[in-house]
There are 2 protein chains.
Amino acid sequence: MSYRLYYWTGLQGRGEFVRLCLEDAGAAYTDVAREEGDEVMTAFLEGNQEGALPFAPPFLTSGRLVIAQVANILQYLGPRHGLAPESESRRLYAHQLQLTITDLVAEVHDTHHPISTEQYYEDQRAEAKRRAKDFCESRIPKFLGYFEQVLERGGGKHPLREHSYVDLSLFQVMAGLDYAFPKTMARQNLPLLRELARRVADRPNIAAYLASERRVPFNTNGIFRHYPELDG
Amino acid sequence: MSYRLYYWTGLQGRGEFVRLCLEDAGAAYTDVAREEGDEVMTAFLEGNQEGALPFAPPFLTSGRLVIAQVANILQYLGPRHGLAPESESRRLYAHQLQLTITDLVAEVHDTHHPISTEQYYEDQRAEAKRRAKDFCESRIPKFLGYFEQVLERGGGKHPLREHSYVDLSLFQVMAGLDYAFPKTMARQNLPLLRELARRVADRPNIAAYLASERRVPFNTNGIFRHYPELDG
């Protein structure tokens, strides 16, 4: 079965969390908008297709299933590719951690768009500066400190004591925050998260993906954006 | 099996989405912080309990399971109480819709706290006014228009063609937005959502709950807050 992933072209964005999972699994997939054009994706968003109606990309199709929302997609893919724990309690925990990552990613987005998604960054710079200050001083330590604690409780190597899609997403969070907020990140003391991110980057399929052209570089169209004035 | 729900006292907040599910199901549960005090909840947040580490309330315990994040809790409770569809495709859709509600709720929160969760509303009023304007003009129509379309595709009565936890959450969204943004809501044309909210309010267990003291009135400590200056 070949998956079809629908996400905007030209940026990593939220789609990247799904891509990392598909790449690590070695799963066959079509990156639809990149390979076939935006309009194939738009048809779903306009309701011209059967099945679930996505609110926004990314979404994935698997046979006749249409699955939207990153955490929902990962929860679907994880068990099919050995990237989720076996027990119900750990699957619930994996999903909870992924949803906490979702919350963090939304806050990252709002550092550069604190007023409106539909206005330019340049039109909300003053507010962005205030929000990013709080994000760097309070939220990064709170979220990453939490994940560091989760790793510690899990024995140090994996949040769920074994490799899972959550490891891949934590790698992406660290990579994105390092790009967007290098000064702030240099001040954090997160030995377990750092080590986890290194181990994920060294996984053969991930290393091959990161070295490929499929990995779009971070840029100021994505969720993680580097604006030096926002890096407290 | 009796559930234990952990959430802040004195407000509906995110805990209310779980409460509505438990109440509709007629499930036995202890509202822990209200009945036994905050410190029982804090022990979990500080990591002094076994099992999953919650990032924030609400969380639910069911036997030895610790489940955090509203959508994760509802996904767990739904199938156990006849409040989720049977098929995998519809369960994935239910969860996707719930996660979209989660996104909307976060945006509602940020209308009054666009800069920092840890600062008072009074210290971010100017930014709140700008963000709320965008929320009322763009985001309410976009999100609620989406759910109206989902209802239409589902035959008009339920997003998933049968009663589910998503119906209960949509009722809460409508009630909360009506409280917080009455002028803006009066301008929306949402016949199917309106009718859904009325039907949910008339369900015997929900009607009894809404008339009870367990339903804390909306207030300006919760997620949905009525500040007239923010209601465009």
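This dialogue goes through the interface between chain B and chain A in a predicted model.

Student: How many residues does each chain bring to the contact?

Tutor: Chain B gives 48 residues, and chain A gives 48 residues too.

Student: What is the area buried between chain B and chain A?

Tutor: The size of an interface is often stated as the accessible area that is lost when the parts come together. Here about 4,300 Å² is buried between chain B and chain A, and carbon and sulfur atoms give 50% of that. On the side of chain B, the residues that lose the most area to chain A are Leu53(B), Phe55(B) and Arg130(B), together 19% of what that side buries.

Student: How many salt bridges cross the interface?

Tutor: The rule finds 6 salt bridges between chain B and chain A. One of the salt bridges joins Arg80(B) to Glu88(A), with the closest N and O atoms 2.6 Å apart. As for polar contacts, the count between the two chains is 36 residue pairs.

Student: Which elements of chain B supply the side that touches chain A?

Tutor: At least two residues each come from β4 (65-68), α4 (70-80), α5 (88-112) and α6 (125-153) of chain B. The element that gives the most is α6(B), with 12 residues. Sorted by class, this side of chain B has 16 nonpolar, 17 polar and 15 charged residues.

Student: What does UniProt place at residues 87-218 of chain A?

Tutor: The unreviewed UniProt entry gives the feature "domain: GST C-terminal" there. In the model, residues 87-218 of chain A are 72% helix and 0% strand, and the end C-alpha atoms lie 35 Å apart.

How values were computed:
Residues numbered from 1 in each chain as written. Chains lettered and ligands numbered in written order. Predicted model: local features only at pLDDT ≥ 70, side-chain atom pairs only at ≥ 80, totals over all residues. Heavy atoms only, no water. Contact = heavy atoms within 4.5 Å. Buried area = accessible area lost by both parts, 1.4 Å probe. Salt bridge = Lys/Arg side-chain N within 4 Å of Asp/Glu carboxyl O. Polar contact = N/O pair within 3.5 Å; in protein donor to acceptor, adjacent residues only side chain to side chain. Helix = DSSP H or I, 4+ residues; strand = E, 2+ residues; numbered from the N terminus. Nonpolar A, V, L, I, M, F, W, Y, C, P; charged D, E, K, R; others polar. UniProt positions renumbered as here; feature names shortened; annotations may be inferred.
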